[in-house]
Amino acid sequence: MTTMLGLDGAFDRLLQLHRPVRSERIPVAQALGRITTAAVSARASVPPFARAMMDGYAVRAESAQRGARLRRVGCVLAGDESAGEVHPGEAVRIMTGAPLPPGADSVLRFEWCEDDGEDEVIVLRSIREGESVQPAGDDARAGQVIVPSGTRLSARHLAACNGFGVPEVSVAVRPTAAIVITGSELVADPQQPLRRGQIYSTNDAFLASALLEDGVDITSVQTVADDASAIRAAVTSLSGVDYLVLSGGISKGDADHVPKVLADLGITPVLEKVWIRPGTPLLAGLWGETVVFALSGNPAACLIQFEVLVRPVIRRSLGWLDTPFPASGALTRPLSLKPVKHTRVLRARGWIESGRVWVDTATSQSPGVLSSLADANCLVRVDDVSCPPGTVVPLRWLHPGS
């Protein structure tokens, strides 16, 4: 029998189970949402040449002093290779993004000069060397790191990769997971009419969606009755995945068959209970190379167990160094709770105001209330029985990439 652990001890224990990070190289165009396993370096300098940052005339700054008359000798547009060399006293018409011609060191903006209508430009304002020019490699040079390892790639990261000439990136291989939901009262199809005693399932939708959000490949989602044979058949059909996540049937009731089924299959739990509310029963262990998590069937408890303990562990397989409560916020109202040994994890609404994160826990915390799961945008950890307003508590945001 394993020892019942506190939240922190349980998380440390579960971290020992996560599957190792595996890496693969894929095209940048396919890498949205994937997590880098190696730093991404620029393949090309940006810009690859000194370029005009304003429309105007490419000149030598020493020639572009107020009152000077410069001879107009050509034009260069964005995409042109270049123009002829600019000599003292000359000006080449140039557009934003165009390469600076040889000999020029500055751009005289159109509004700082006057065209005499023939072949001369009159300087109305003196300029310094380097005016309105972006030097070659000013953004980053070839070989410079542009995306660190461990980054979840977003649209802006992919844009940077393209801009720096990077065709492929090394990312974590997507782990696989299967889900088994137990409960004779559950109906998976919301279009199916309910009989007396039945309810629509929620944990299948939550777990599958949450894992997909993080980049896990879901191989199977099954809902089975509270029957030991059915549960065993479902579990044994799913060997070979990286993670097997079950929900329901793990407490001490007459129909809670999951612990015995897993034990009969040779799964030795490293964790069976955690001092948290809601969500005390939580079974985890290894089945060959598959990591098994058996969570509560109660929707609120299942969400909290998954978000706080399971999701951060699975994210380690993706190279994502998540922790149970990576943020914090200040309570807007006092909390007064019954004295218990457990750490409370409360559903809450959080927002940023005047540069500070505030959280309000004034929503139903009943394990049987479903609506507050949709209303909450964060979870907060409370270890004390009494907290005055302004108390800073650990916080976990409930959204992708949090």
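Let me begin at a single glycine: just after helix α2, G165 takes a positive phi of about 75 degrees. Before going further I should say that this is a predicted model, in which local features need pLDDT of at least 70 and side-chain atom pairs count only at pLDDT 80 or more, while totals for chains, interfaces and linings use all residues. Residues are numbered from 1 along each chain as its sequence is written, and side-chain values use heavy atoms, with hydrogens and water left out.

The helix in front of that glycine, α2, covers residues 155–163, and its buried residues are H157, L158 and C161, where buried means under 20% relative accessible area, exposed means over 50%, and partly exposed lies in between, with a 1.4 Å probe and protein chains only. Looking down the axis of α2, these buried residues fall within an arc of 100 degrees, so they line one face of the helix; the arc is that of the directions from the helix axis to the C-beta atoms. Helices here are DSSP runs of H or I with at least four residues, and strands are runs of E with at least two, numbered from the N terminus. On the face of α2 turned away from the buried side we find the exposed residues A155, R156 and N162, and what covers the buried residues includes β2 (40–41), β11 (145–147) and β12 (168–172).

Helix α4, residues 228–236, can be described in a similar way, with I231, A234 and V235 buried. Seen down its axis, the buried residues of α4 fall within an arc of 95 degrees, so they line one face of the helix. They pack against β13 (176–182), β16 (217–224), β17 (243–247), α5 (258–264) and β20 (281–287), contact meaning heavy atoms within 4.5 Å. At the start of α4, a side-chain oxygen of D227 reaches to within 3.1 Å of the backbone nitrogen of S229.

Which residues have the most contacts inside the largest nonpolar core? They are L14, L207, L271, F293, L295, V308 and L309, in a core of 42 residues; a nonpolar core is a set of buried Ala, Val, Leu, Ile, Met, Phe, Trp, Tyr and Cys residues joined through side-chain atoms within 4.5 Å. Among the elements that each supply at least two residues of this core are α1 (7–15), α3 (203–214), β21 (290–295) and α6 (299–316), and α6 gives the most, with 10 residues. If we leave aside neighbours within four places in sequence, F293 is in contact with L14, Y243, L244, V245, L246, L283, A284, V310, V313 and I314. Apart from this core lies another, of 20 residues, among them A178, V235, L244 and W287.

Turning to the strands, five of the five residues of β26 (residues 378–382) are buried, so this strand is largely enclosed by the rest of the structure. Both of its faces are covered, with C378, V380 and V382 buried on one side and L379 and R381 buried on the other. Strand β24 (residues 343–353) is joined to β26 by five bridges, and the two run antiparallel, with R347 standing opposite L379; strands pair if DSSP finds at least two bridges between them. Three bridges join β26 to β28 (residues 392–397), again in an antiparallel arrangement, and here C378 stands opposite W397.

How many disulfides are there? The count comes to zero, a disulfide being a pair of cysteine sulfur atoms within 2.5 Å. C75, for instance, is in no disulfide, and the nearest cysteine sulfur, that of C113, is 13 Å away. C75 counts as partly exposed, because its relative accessibility is 41%, whereas C113, at 10%, counts as buried.

I will finish with two loop residues. T280, in the loop between β19 (276–277) and β20, has 17% relative accessibility and therefore counts as buried. Its side chain reaches the backbone oxygen of I276 at 2.8 Å, and the side chain of T280 also makes a polar contact with that of H342 at 3.5 Å. A polar contact is a pair of N or O atoms within 3.5 Å; within protein, one must be able to donate a hydrogen and the other to accept it, and residues adjacent in sequence count only if both atoms are side-chain atoms. E62, by contrast, lies in the loop between β4 (56–59) and β5 (69–76) and counts as exposed, because its relative accessibility is 59%.
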